[in-house]
Amino acid sequence: MSLRTYLQGYCQGMNFIAAMFLTFMSEEESFWMLVAIMNEEPYYMRTMFLENMSGTHKALYIVDKLIKRHLKKLAAFFQRENIEVSMFATQWIMTVFTSTFSFELVARVWDIFLVEGWKVVYRVIIALLDQASSGLMELTMEETFDYFRDFPSRVDGQGVILASLNIPMKNKLLRKYGDEWERSQYGPAITKKGSTGLGFTKKDSVESNGNASSASSINMPVTRKKTITKKIVPSFVLNKLPTRSQG
């Protein structure tokens with residue numbers, strides 16, 4: 001990975017994702033899956049691991065806006081205790097939960113993530129915080145950090161997934177928040193059509209480091225991509241989970 005996309009390299013956090021892929025497929029297939037989620041629609045995780053971590057900052061902004069929209073009391077608590085979303089959610093986002101949460105939750109999130117992209121990540125974060133909110137409200141800042149440190153081990157993965165599927169969330173809203181972040185960083189002229197839920201397009205991925213070679217060199221053989229895709233059978237279908245809400 002570091003040789004293929006040298007400006008991005010192989011960064012801390014990718015190892016959790018790579019290990020998750022290796023649980024299900026061969027080393028070669030895991031490599032191409034990692035290449036795809038870093039550079040292809042609708043994931044574009046590459047921007048999270050560049051030097052300026054622009055994708056991570058944008059995703060954290062979107063999460064902050066969603067907390068204020070869906071969990072107003074918790075948002076007020078965070079504001080009162082001077083708790084920033086980045087203090088607990090950065091690792092959740094950069095590794096898509098693979099670093100700390102149970103395999104039960106991680107596998108189900110990734111089943112949906114590979115099909116739909118970033119919306120499931122935001123839904124699960126809101127579901128997690130909603131589950132935690134009753135235990136957080138009376139804590140101090142220091143106690144809150146201790147709570148989040150142990151929180152992943154106490155999570156009911158199945159329950160969180162089911163709850164997340166009932167959270168209304170439209171891609172249009174996610175794009176709106178992503179565009180807001182872009183304008184705040186780069187000015188009003190930077191907003192582009194076709195942004196993902198994370199808010200980045202392929203053009204953004206290239207512009208983040210000013211070099212097109214690393215972003216344009218990720219094409220894998222078509223037959224290889226089809227073979228890998230066929231092996232990804234969503235477990236939410238196999239386990240007959242409820243149909244995801246649309247929007």
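In this predicted model, Tyr 147 and Phe 148 are both buried. Aromatic residues recur elsewhere in the structure, which holds 19 aromatic pairs in total. A pair of aromatic rings is described by two quantities, namely the distance of the centres and the angle of the planes. For Phe 78 and Phe 88, the ring centres are 5.3 Å apart and the planes stand at 40 degrees, so this pair is classed as tilted. Since Phe 78 belongs to helix α4 (residues 72–80) and Phe 88 to helix α5 (residues 86–94), the pair ties together parts that are ten residues apart in sequence. Both partners are shielded: Phe 78 has a relative accessibility of 4% and therefore counts as buried, and Phe 88, at 8% relative accessibility, counts as buried as well. In the pair formed by Tyr 147 and Phe 148, the ring centres lie 6.1 Å apart and the planes are at 85 degrees, an angle over 60, so the arrangement is edge-to-face.

These four residues also take part in a cluster that is linked by ring pairs and that consists of Phe 77, Phe 78, Phe 88, Trp 92, Phe 97, Phe 101, Tyr 147, Phe 148 and Phe 151. Several members of the cluster are touched by Leu 128, a residue found in helix α7; when residues up to four places away in sequence are not counted, the contacts of Leu 128 are Trp 92, Phe 97, Phe 101, Phe 151, Val 155 and Val 160. With a relative accessible area of 0%, Leu 128 is buried. One of its contacts, Val 155, is 27 residues apart from Leu 128 in sequence, while the C-alpha atoms of Leu 128 and Val 155 are 7.8 Å apart in space.

Helix α7 (residues 119–136) also packs against helix α3 (residues 54–70), at an angle of about 50 degrees and with the two axes 10 Å apart. Because this angle falls outside the ranges for roughly parallel, roughly perpendicular and roughly antiparallel helices, α3 is described as oblique to α7. The crossing in which α3 passes α7 is right-handed. On the side of α3, the contact is made by Ala 59, Ile 62, Val 63, Leu 66, Ile 67 and His 70, and on the side of α7 by Tyr 122, Ile 125, Ile 126 and Leu 129. Sorted by class, the residues of this contact comprise nine that are nonpolar and one that is polar, with no charged residues.

Technical notes: Residues are numbered from 1 along each chain as its sequence is written. This is a predicted model: local features need pLDDT of at least 70, side-chain atom pairs count only at pLDDT 80 or more; totals for chains, interfaces and linings use all residues. Side-chain values use heavy atoms; hydrogens and water are left out. Axes are lines fitted to C-alpha atoms, for helices over the stretch in contact, and angles run from 0 to 180 degrees between N-to-C directions. Helices (H or I, at least four residues) and strands (E, at least two) are DSSP runs, numbered from the N terminus. Angles under 35 degrees count as roughly parallel, over 145 as roughly antiparallel, 65 to 115 as roughly perpendicular and the rest as oblique. A crossing is left-handed if the near helix is turned anticlockwise from the far one by less than a right angle, and right-handed if clockwise. Contact means heavy atoms within 4.5 Å. Ala, Val, Leu, Ile, Met, Phe, Trp, Tyr, Cys and Pro count as nonpolar, Asp, Glu, Lys and Arg as charged, and the others, Gly among them, as polar. Rings of Phe, Tyr and Trp (its six-membered ring) pair if their centres lie within 6.5 Å; planes under 30 degrees apart count as stacked, over 60 as edge-to-face and the rest as tilted. Buried means under 20% relative accessible area, exposed over 50%, partly exposed in between (1.4 Å probe, protein chains only).
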